[in-house]
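User: Please take a close look at one part of this model, its interior. I would like one connected account rather than a list.

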Amino acid sequence: MDLSDVALLLVAGLAAGTVNAVAGGGSLITFPALIATGLPPVAANVSNSVAVFPGYAASVAGSRTDLPRGRALWSLLPTAAVGTALGCVLLLATPARAFEVVVPFLVLGATAILAFQDPLRRLVGHPSRLSPRRRTVTVQTMVLVGTVYGGYFGAALGVMLVAGLALVLDATLARVTAVKNLLSAVVGLTTLVIFALFGPVQWVAVAVVAPATVVGGYAGARLARRLPAVVLKTVIVLFGTTIGLYLLWRALT
C-alpha cells in the first residue's frame with residue numbers, strides 16, 4: 001500500500017463516517033476504495049465491515065442525547081447481535097452472486113417505505129394505535145431483518161434501519177436516527193468479532209480507514225441533529241435511491 005492508497009482510504013473513511021451518521025450508505029464509499037487499492041472483493045467487504053465500526057461508535061456518541069430511555073431500547077440489542085451473526089454466516093458460507101441481485105431491490109424497497117411512510121402508516125396503523133405486544137414484535141422483527149442484511153452486506157444498512165424503524169416507532173426522525181446509530185454500532189461490533197476470527201481481514205487497510213470514520217461519524221451525527229426532519233428525510237431518501245440504483249447497475253453489469 002503506497003501513499004496514494006493511504007490518502008484515498010483516509011478521504012473515503014472520513015466521507016463514509018459522515019454519510020453513515022446522517023443517512024447510511026457510507027460503505028459504498030469505502031468498499032470501492034478498498035477494491036481500488038487491490039483487495040479482492042470478499043476481503044474488501046470483510047475489511048470494510050471491520051473498519052466502519054469505530055465510525056458507528058462515534059455516531060452513537062454524537063447522537064446520544066436523542067436516544068430514548070428505558071428497557072425497550074436495550075432489548076433490541078441482543079436481537080441486533082443475533083441478526084448480524086446470521087448475516088455474517090450467510091456471507092462466509094454462501095455464494096454472493098444471488099444476494100447481490102436481491103440487495104438493490106431491498107435498498108430501493110426500504111427507501112420507498114421511508115418516502116411513503118405516512119400513507120403506509122395509514123394502512124398498517126400508526127404506532128401509537130398498536131397494542132404494546134404487537135408494537136414490540138414488529139420492532140423486533142424489523143431489527144432482526146435489517147441486521148441480518150447488515151451482517152451480510154452493510155451498505156445502506158442505515159437507510160434500511162431508518163425506514164423500518166420510522167414506520168413502527170412513534171418518535172421523531174432525529175430520535176429514530178439515534179436508535180439507528182446504536183443498532184449500527186452493534187452490527188459493527190458483531191461483524192468485527194466474527195470477521196476478525198474467521199474472515200480475511202486486511203488489517204493495514206482497517207488501520208487507515210477506521211480512525212477517519214470516527215471523525216466523520218461524530219461530525220455527521222452532530223449535523224443530523226441540526227437538520228429539520230423534512231430535510232433529513234429527503235437526504236436519506238436521495239441517498240437510498242442513489243445507492244439502490246448503483247447496486248442494481250453493478251449487479252446487472
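Analyst: Buried residues make up 51% of the 253 residues in the protein chain, where buried means under 20% relative accessible area, exposed over 50% and partly exposed in between, with a 1.4 Å probe and protein chains only. This is a predicted model, in which local features need pLDDT of at least 70 and side-chain atom pairs count only at pLDDT 80 or more, while totals for chains, interfaces and linings use all residues. Residues are numbered from 1 along each chain as its sequence is written, and side-chain values use heavy atoms, with hydrogens and water left out.

The secondary structure of the chain consists of 13 helices and 0 strands; helices (H or I, at least four residues) and strands (E, at least two) are DSSP runs, numbered from the N terminus. The radius of gyration is 17 Å, close to the 18 Å that the globule rule gives for 253 residues, so the chain is as compact as a globular protein of that length. That radius is taken over C-alpha atoms, and the rule is 2.2 Å times the number of residues to the power 0.38. Along its principal axes, the C-alpha trace spans about 55 × 35 × 30 Å. Of the contacts with a separation of 6 or more, 83% join residues 24 or more positions apart; contact means heavy atoms within 4.5 Å.

Two nonpolar cores can be described, each a set of buried Ala, Val, Leu, Ile, Met, Phe, Trp, Tyr and Cys residues joined through side-chain atoms within 4.5 Å. The largest has 30 residues, and Leu9, Leu34, Phe195 and Leu247 have the most contacts inside it. A second, separate core of 28 residues includes Val139, Leu157, Leu165 and Leu182. In the largest core, Leu9 touches Met1, Ala33, Leu34, Thr37, Ala205, Val208 and Val209, not counting residues up to four places away in sequence. Two of these partners, Ala33 and Leu34, are among the buried residues of helix α2 (residues 27-36), along with Ser27, Leu28, Thr30 and Phe31. After α2 comes Gly38, with a positive phi near 110°.

Ser27 and Thr30 also meet Val52, which further contacts Asn20 and Thr213, leaving aside neighbours within four places in sequence. Val52 sits in the loop between α3 (41-51) and α4 (53-63), and it is buried, with a relative accessible area of 4%. Its C-alpha is 27 Å from that of Val168, 116 residues away in sequence.

Two helix residues have 0% accessibility. Gly216, in helix α12 (residues 203-226), counts as buried because its relative accessibility is 0%. Beyond four places in sequence, Gly216 is in contact with Leu14, Gly17 and Thr18; Gly13 lies 203 residues from it in sequence but 7.4 Å away in space, C-alpha to C-alpha.

Thr84, in helix α6 (residues 76-93), is likewise buried at 0% relative accessibility. With the same four-place neighbours left aside, Thr84 contacts Thr147, Val148, Gly151, Val187, Thr190 and Thr191. Between Thr84 and Ile194 there are 9.6 Å, C-alpha to C-alpha, and a sequence separation of 110 residues.
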